[in-house]
Amino acid sequence: MRGDRNEPMEGLRGIAVSLVFFVHYCTLIEPWIKANAATSIIADTLHSIGNSGVDLFFVLSGFLIYGTLVNKAQPFGKYILRRVERIYPAFLVVLAIYIGLSLLSPERSKLPTDGQLDTILRNIALLPGLFTDEEPIVTVAWSLSYEMFFYLVVPLVAVMVRKWAVAS
């Protein structure tokens, strides 16, 4: 560890990024690879292994967030604001681009013909996949729903653990 940086964890994050990249890359090249060819077997293997990248991100995120909250109490507002600032800017830009493209090309849009505003608001609140069975507008945003839920629940767990440790 150097200062506030936890270099081993950053290395694991790099591995997780690579694994997630393999999933997306293999999905994109799939139409151009022949079935049962060596490249198909390699792509299928990389895709299968790559799926563990999101799991690794969740575990790392959980470890780091929980560790910081258990070691040092923080005001909830400050904590959640930092989490929101980390997730929402990029997500909202991508969501806005998708909505703009949906308006330009409605035949390829995932937006329903009725209730578009409700769908957009549920997506902004990161509810699809977590509290509703609808698919998120931005498909890969499903993981953000779980991450944000985790960010909201972990402070409560950390407070309970601290109180339990003091009572013991």
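Me: At what distance, N to O, do the side chains of Arg122 and Glu134 meet in a salt bridge?
Reply: The model is predicted: local features need pLDDT of at least 70, side-chain atom pairs count only at pLDDT 80 or more, and totals for chains, interfaces and linings use all residues. Residues are numbered from 1 along each chain as its sequence is written, and side-chain values use heavy atoms, without hydrogens and water. A salt bridge requires a side-chain nitrogen of Lys or Arg within 4 Å of a carboxyl oxygen of Asp or Glu. Arg122 and Glu134 form such a pair, N to O, at 2.4 Å.

Me: Which helix holds Arg122 of this pair?
Reply: The pair links distant parts of the chain, 12 residues apart. Glu134 lies in the loop between helix 5 and helix 6, whereas Arg122 belongs to helix 5 (helices are DSSP runs of H or I, at least four residues, numbered from the N terminus).

Me: Is Arg122 buried or partly exposed?
Reply: Buried means under 20% relative accessible area and exposed over 50%, with partly exposed in between (1.4 Å probe, protein chains only). At 28% relative accessibility, Arg122 is therefore partly exposed.

Me: How many residues apart in sequence are the parts that Lys110 and Glu135 tie together?
Reply: The side chains of Lys110 and Glu135 meet in a salt bridge of 3.4 Å, N to O. Lys110 sits in the loop between helix 4 and helix 5, and Glu135 in the loop between helix 5 and helix 6, so the parts they join are separated in sequence by 25 residues.

Me: Which residues of helix 5 are buried?
Reply: Helix 5 covers residues 116-124. Just after helix 5, Leu126 takes a positive phi of about 60°. Within helix 5, the buried residues are Thr119, Ile120 and Asn123.

Note on methods: Helix = DSSP H or I, 4+ residues; strand = E, 2+ residues; numbered from the N terminus.
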